[in-house]
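User: I'd like to go through how one contact in this model gets its labels. Can you take me through the reasoning?

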Amino acid sequence: MDDPRLTLSGIPLSPVYGEGPLPGEYPYTRGVHTDMYRSRLWTMRMFAGFGTATDTNGRFRELLRSGSTGLSTAFDMPTLMGRDSDHPWSLGEVGRAGVAVDTVEDMSDLFADVDLGGVSTSMTINGPAAILLAMYVVVAEQGGVDRDRLAGTLQNDILKEYQAQKEYIFPPRPSVRLVTDVIRFTAAEMPRWNPVSVSGYHIREAGSTAVQELAFTLANGFAYVEASVAAGLDVDAFAPRLSFFFNSHVDFFEEIGKFRAARRIWARWLRDRYGAVDERSLKLRFHTQTAGVSLTAQQPETNIARVAIQALAGVLGGTQSLHTDSHDEALALPSEAAARTALRTQQVIAHETGVTGVADPLGGSAYVEWMTDEVERRAEEIFAHLDEIGGGSILEGVHEGIQSGWFMGEIAESAYRFEREVNAGDRIVVGVNAFTEGNGGSGADLLRVGQETEDDQLARLAAVRSGRDSEAVAASLRRVVADATDPEVNLMPSLIEAVRARTTVGEIVEALEGVFGTYVETAVI
Amino acid sequence: MVDTGLPIRVVLAKLGLDGHDRGLKVVARMLRDAGMEVVYLGLRQTTDNIVAAVEQEDADVVGISMHNAGHLTLGPLIVKALDEAGLAVPVVIGGIVPDADLPELEAAGVAAVLGPGASVEEVVSTVRSAAGRDGST
Amino acid sequence: MEAPEPGAGSSAVAELADASRSGDRRATARLLSLVERGGDPADEVASAAHAHVGGAHVVGITGAPGSGKSTITNSLTTLLAEAGRRPAVLAVDPSSPLTGGAILGDRVRMSGASEAGVFIRSMATRGHAGGLALAVPGAVRVLDAAGFDPVVVETVGVGQVEVDVTDAADTTVVVVAPGWGDAVQANKAGLLEVADLFVVNKADRPGATDARRDLDLMLDLSTVATRPGSGRPSITMTTATEGDGIGELAAAVAGHLDLLCQGGELDRRREKRRIAEVRAHLEHLLAGAADEALATEGLLPVQASESPMMAARRLARKLLG
């Protein structure tokens with residue numbers, strides 16, 4: 001090994017310790033790469049987005065200057081829900097929870113002066129994900145970057161929306177079709193792009209346990225595998241590019257066990273149940289975000305400690321990419337200073353602590369191995385249940401669980417149980433039910449998105465609308481409707497054409513709603 | 001108003017597009033466990049829906065959950081809508097609201113605000129007090 | 001319109017009643033709250049409404065949890081509202097026996113109806129045995145007097161027969177979903193007794209035709225008389241989430257009302273309802289008096305020289321004079 005690593009005191013380290021399957025070896029419990037962070041650090045990918053595209057572009061460039069190695073985009077609620085900024089429901093929400101994107105012009109401003117061929121971009125969007133991907137492709141094209149060079153990830157995980165985050169538009173089955181259309185499109189034309197980030201983060205934030213987070217997420221992953229195979233793809237043609245997104249919560253060893261179990265389960269199921277032979281199909285790669293729900297508004301500086309520990313759990317769990325929350329996020333989107341501290345937290349772990357010198361450093365610990373096994377065992381119980389209610393298909397089991405409200409019921413139960421524990425003092429949350437000395441007012445120095453942002457965006461949108469060729473827009477929408485009506489046709493080409501004509505997100509979504517319908521959930525309290 | 005011992009009726013809803021209903025569901029259970037009758041409207045309610053519900057259900061309090069920084073716009077909006085419908089029903093806003101915004105919400109007529117991490121006791125007593133059932137008028 | 005304080009006198013109630021009859025929904029809602037409160041205010045409301053009832057077709061909808069009662073109610077009342085009727089819904093949910101509170105989650109499943117202008121009131125059972133609030137007949141009366149028609153009472157389905165529903169409604173609809181047979185095996189006979197109409201909902205699911213066939217078989221084999229004046233209950237197949245079969249259901253409901261009117265059965269049922277309501281109130285009053293008597297020292301035996309039965313008879317003589 002020509003890369004000797006030494007501790008702070010000069011003691012040389014081997015790349016790995018312990019017996020049994022090594023990192024990079026099936027079933028990848030110990031990691032998907034042999035050397036893990038010795039060869040390459042995880043991507044420091046800080047989620048950002050607020051205001052108009054120009055505002056967020058500024059934050060993107062600031063983060064890249066500070067050492068971020070990937071971009072990650074947060075969109076505002078109207079965009080996430082597929083509505084334009086001037087839709088009646090968008091009032092008061094434009095640019096508040098993320099960046100407002102209505103047309104390809106906004107996407108273009110968002111990535112101004114960013115080399116799309118040289119950076120990897122994640123876009124956190126689900127319902128209208130295919131439309132936003134289409135915009136990204138067109139913007140890259142405008143900048144002279146071919147689509148097959150584009151690297152990044154589209155969250156595009158609609159199943160978890162029905163279970164947890166509730167950012168759905170259409171009913172489940174046509175939505176899964178949209179997901180598989182994107183998978184098919186990227187498998188053929190964008191080999192460096194991850195078409196889905198199967199997410200557990202939101203499920204956890206909604207109140208699930210670690211086991212539920214793991215099991216529901218992997219089940220959704222299996223569901224997409226089944227759906228894509230049913231759509232005609234060979235499993236090895238797309239599985240290598242399925243990626244995952246987990247929460248890193250505050251119970252340190254439970255989280256590490258969860259990450260390791262995730263890799264082992266995925267490898268086994270893909271090989272044994274779904275017949276994958278390509279090694280890359282078996283390797284579960286994931287992005288991690290520290291748990292937003294664990295942040296407190298009380299004594300917010302304490303959150304820096306929480307985030308550091310959660311980030312460390314992600315690293316010791318072998319994550320490929322990491323976002324660390326900012327300490328002011330219990331109350332608002334992160335301020336620039338707080339976002340920088342969060343990034344610095346990752347940099348301290350990466351460059352000062354030495355944990356990157358050894359792959360899966362906790363492997364072989366009796367406790368950690370037991371925890372990994374136990375989390376896996378409990379997750380398998382959930383898979384068995386879904387298999388049963390799905391008549392032998394995890395995809396059908398997930399649809400059934402969504403329809404019957406089973407997922408929501410499980411999550412609500414766990415959430416309520418946690419709340420009662422905290423309230424009874426059985427579970428301590430520092431600053432909230434213990435150690436409250438030091439709690440003070442909040443609100444100074446928080447990021448504020450004002451009404452001017454909304455006015456600004458409305459003006460931008462109006463300008464695009466008046467400047468475009470309305471015939472081309474109408475024709476493109478007709479094509480989208482025609483393609484949507486035929487389940488065999490891939491929608492991506494018509495979406496690309498539509499966004500190029502400056503058709504808005506809202507217009508495309510409404511056209512699709514005409515074909516797919518609109519989803520109304522049956523609340524489970 | 002005196003505590004007649006009759007259950008307090010609360011309409012719970014989220015205004016706007018945000019889909020985070022974990023808090024709302026937890027509060028629904030908290031209030032039920034405290035003996036209140038909760039008319040649960042859930043996600044993505046319009047002011048019209050909420051006003052109709054408050055009117056027909058003869059609600060004592062309206063609880064609105066907000067997480068997406070829209071409270072300074074949407075809070076006053078619901079207060080105004082209730083007012084215009086002739087319904088003098090107090091509005092309690094809960095969720096992610098920085099302390100610095102409290103004066104503005106109060107000035108707009110919001111009866112009370114519950115921040116993140118509010119305990120069961122705080123939630124219940126705030127709602128009771130807003131409904132005028134805590135012995136004070 | 002300010003709410004009258006309890007005991008403020010019947011003029012305030014009369015004002016609310018007038019307003020309610022002329023379409024003031026707030027007034028209607030206030031009257032419903034007074035009915036729920038019970039006692040004198042509720043009596044005043046009943047008196048004020050008395051002369052104005054009879055115009056509403058009262059339809060009870062019940063069934064096992066998960067059968068889709070709320071969705072059916074939503075689709076049915078929306079259809080009727082769009083056809084020019086003025087439906088109202090009373091959605092009953094159980095109160096927690098421990099805390100007395102309740103989560104009333106039916107309204108959230110009826111947003112379509114609400115937007116179509118249907119009046120919806122959620123009501124908790126507040127401890128009334130059998131799952132139906134003591135106040136439901138009083139609430140139905142308020143809505144009837146206010147001019148709503150039909151008045152739909154949607155009740156909790158706990159997998160058991162909701163006999164009280166028949167006491168409150170002119171027409172009782174029982175909703176089942178495929179697979180119902182397993183859930184309510186023990187109560188088949190009960191369901192048959194109360195149903196005027198059956199609905200098999202979720203008719204798009206596997207097992208729907210089996211469910212219908214099972215119902216037919218039950219009806220064929222039943223030795224229990226179907227409800228007088230009703231004839232054999234019809235079975236309507238619906239997929240409420242898609243709106244399928246709702247038109248047929250509306251027709252079946254209207255058809256049942258015609259049937260009741262023809263033979264004079266409607267009046268007979270309404271008379272039985274009145275008697276049942278009187279009985280319920282009487283039982284409530286007597287239970288109250290009994291509680292008082294049992295709590296009064298000097299009325300109960302100091303030693304157990306008196307059997308419980310003798311003690312009860314003695315107290316009853318004292319109470320009833």
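User: What divides chain C into domains 1, 2 and 3?

Analyst: An automatic or database domain assignment sets the bounds, giving domain 1 (1–52), domain 2 (53–263) and domain 3 (272–320). This is a predicted model, where local features need pLDDT of at least 70, side-chain atom pairs count only at pLDDT 80 or more, and totals for chains, interfaces and linings use all residues. Residues are numbered from 1 along each chain as its sequence is written.

User: Which residues count as being in contact between domain 1 and domain 2 of chain C, and how many are there?

Analyst: Those with heavy atoms within 4.5 Å: 16 residues from domain 1 and 19 from domain 2.

User: What does "buried" mean for the area between these two domains?

Analyst: It's the accessible area (1.4 Å probe) that two parts lose on being put together, summed over both. Here that's about 1500 Å², with carbon and sulfur atoms giving 59%. On the domain 1 side, C:R25, C:L32 and C:E36 lose the most, together 44% of what that side buries.

User: Why is the pair C:R121 and C:E36 called a salt bridge?

Analyst: The rule wants a side-chain nitrogen of Lys or Arg within 4 Å of a carboxyl oxygen of Asp or Glu. C:R121 and C:E36 are at 3.3 Å, N to O, so the pair qualifies. The count between the two domains is one salt bridge.

User: Which helices supply the domain 1 side?

Analyst: Helices here are DSSP runs (H or I, at least four residues). α1 (10–21), α2 (25–37) and α3 (39–50) of chain C each supply at least two residues, and α2(C) gives the most, with eight.

Terms used: Chains are lettered from A and ligands numbered from 1 in the order in which they are written. Side-chain values use heavy atoms; hydrogens and water are left out.
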